[in-house]
Amino acid sequence: MRKRQCKIVATVGPASSSPSMLHLLHQAGVDIFRLNFSHGEHDKATRIMESIRAISRDVGTPIAVFADLQGPKIRTGVLKGDGLDLKYGAKYRLTLAGDTTEDDVIPIPHPEIFSVLAPGDILKLDDGKLQITIESAEKDRIIARADTPGRLTNRKGINLPGRKLPISALTEKDRADLAHALKIGVDYVALSFVQRPEDVAEARALIGDKAGIISKIEKPSAVEHLDEIIELSDALMVARGDLGVELPPEDVPNIQRKIVRACRRAGKPVIVATHMLESMVESIAPTRAEASDVSTAVFQGADAVMLSAETAVGRHPPTAVAIMDRIITATERDPECAAFTSLDDPQAEHTTADAITLSARRIAEILDCKFAVAYTKTGSTAKRLSRDRPHCAILAATPDANVANKMALYWGVAPVITVDISHFHDMLDKAEALCVRHGAQDGDRIIIIAGYPFGRRGKTNTLKISRIGAKGE
């Protein structure tokens, strides 16, 4: 059982796709693996998935896996000579084409861009490294001025800050990738470049209940519809890469904090991602600023923090995970860590289950309970308990392996696959055995949460305080 509450997500790539390396990463601290469908083949994704499930069976620990879809990434076409040297203040023509043989022309094979551009609009190219401003825009003739000098090469990303594009969050490639991801049994699907709630609803119609949906917040328009997107999603990701290109860099920290707090209020897991330990792609140690960045996300209350290139193509994947594990653990030792703060939530549902999990948090604090055991069929009880941030470890017991895998994303939750309980004494005995297996000692107090009648969904209505080794207390 991990000694921390915030979870670690690692991206699988060429540096980490072998079964032995995946096993080593899990040992180092990875709770969730990310399959990046922007790169790689379906056959490779299948093999990686099989390896992760085999590791889960071998170590007896549920592991979550999510497929990250590429989304409608807007890119330039092929330039003459495979590159164009932009000169400050020079004028360039944008054409609706996949490639060009002309000088001073930037091909953009996306008609949806041409339908919204207007004079004064800014286009950021190559992840924000280059910038051009639109000076005139007609149906098929757009003139732009270079604001930054530099070399633009083929198929670089394009961002349009402040503009909503009339496109779906799911491309044809995404639909094919989604079908394969569901076929191999991923636990979540991450949607890229979500702009509006309808994007999430469209994905839900395709996914159903086969997987959870993680909405990636990387467009300003998504921030404008944040509450609606949270309501339709199972989890969110603060994707700071494109978000930092679309918005001024000084706005990103505040947006991150806003998203984390909104997810906390709604009881939905939130992942903070991008450039967390970026220097460790090459270096054996992170910068002090990177360590502080990870710590800040943990302190704010993020359910998980994510490694991207650090584990996908980096030189030291296990070391990056181990250092992230250490930073999280050290941050959570701080008694003032806001991650452990129960939020006053005016949006909370006034249900029996909510009252019970909130009571469990207070009881754990007063009695110094070592474990809270939540029996759950769907994972909702464990999610509620995770939202309330009890000061004790959470063991989430479920007979459903798929539910157990999903719960690996929840803050502070250690999922356990068990046979369903059938009566009250069975509930007590199994809870005590689980806690002892995870380190509880005689005399330790534990909290048990369940639903009666047992075995039914959505009936969390029972809370029991028990003491290890004290039968009948």
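A residue is counted here as buried when its relative accessible area is under 20%, and as exposed when that value is over 50%. By this criterion, in the predicted model, helix α1, which spans residues 19–28, has M21, L22, L25 and H26 as buried residues. These residues lie on the same side of α1, because the arc that they cover around the axis is only 140°. Such an arrangement can be read against the general geometry of the α-helix, in which residues three or four places apart point the same way because there are 3.6 residues a turn. The other side of α1 carries P19, S20 and Q27, which are exposed. The cover over the buried residues of α1 includes two strands, β1 (7–12) and β2 (32–36), together with the helices α2 and α12, the latter formed by residues 317–332. After α1 comes G29, which has a positive phi, near 140°.

Helix α2, one of the elements that cover the buried residues of α1, also packs with helix α4. The axes of α2 (residues 42–59) and α4 (residues 172–184) are 10 Å apart and meet at an angle of about 25°. Because angles under 35 degrees count as roughly parallel, α2 is described as roughly parallel to α4, and the crossing of the two helices is right-handed. On the α2 side the contact is made by H42, A45, T46 and M49, which meet A176, D177, H180 and I184 of α4. Sorted by class, the residues in this contact between α2 and α4 comprise four nonpolar, three polar and one charged.

Technical notes
Residues numbered from 1 in each chain as written. Predicted model: local features only at pLDDT ≥ 70, side-chain atom pairs only at ≥ 80, totals over all residues. Heavy atoms only, no water. Axes fitted to C-alpha atoms, helices over the stretch in contact; angles between N-to-C directions. Helix = DSSP H or I, 4+ residues; strand = E, 2+ residues; numbered from the N terminus. Parallel < 35°, antiparallel > 145°, perpendicular 65-115°, else oblique. Left-handed = near helix turned anticlockwise from the far one by under 90°. Contact = heavy atoms within 4.5 Å. Nonpolar A, V, L, I, M, F, W, Y, C, P; charged D, E, K, R; others polar. Buried < 20%, exposed > 50% of the residue type's maximum accessible area, 1.4 Å probe, protein only. Arc of directions from axis to C-beta.
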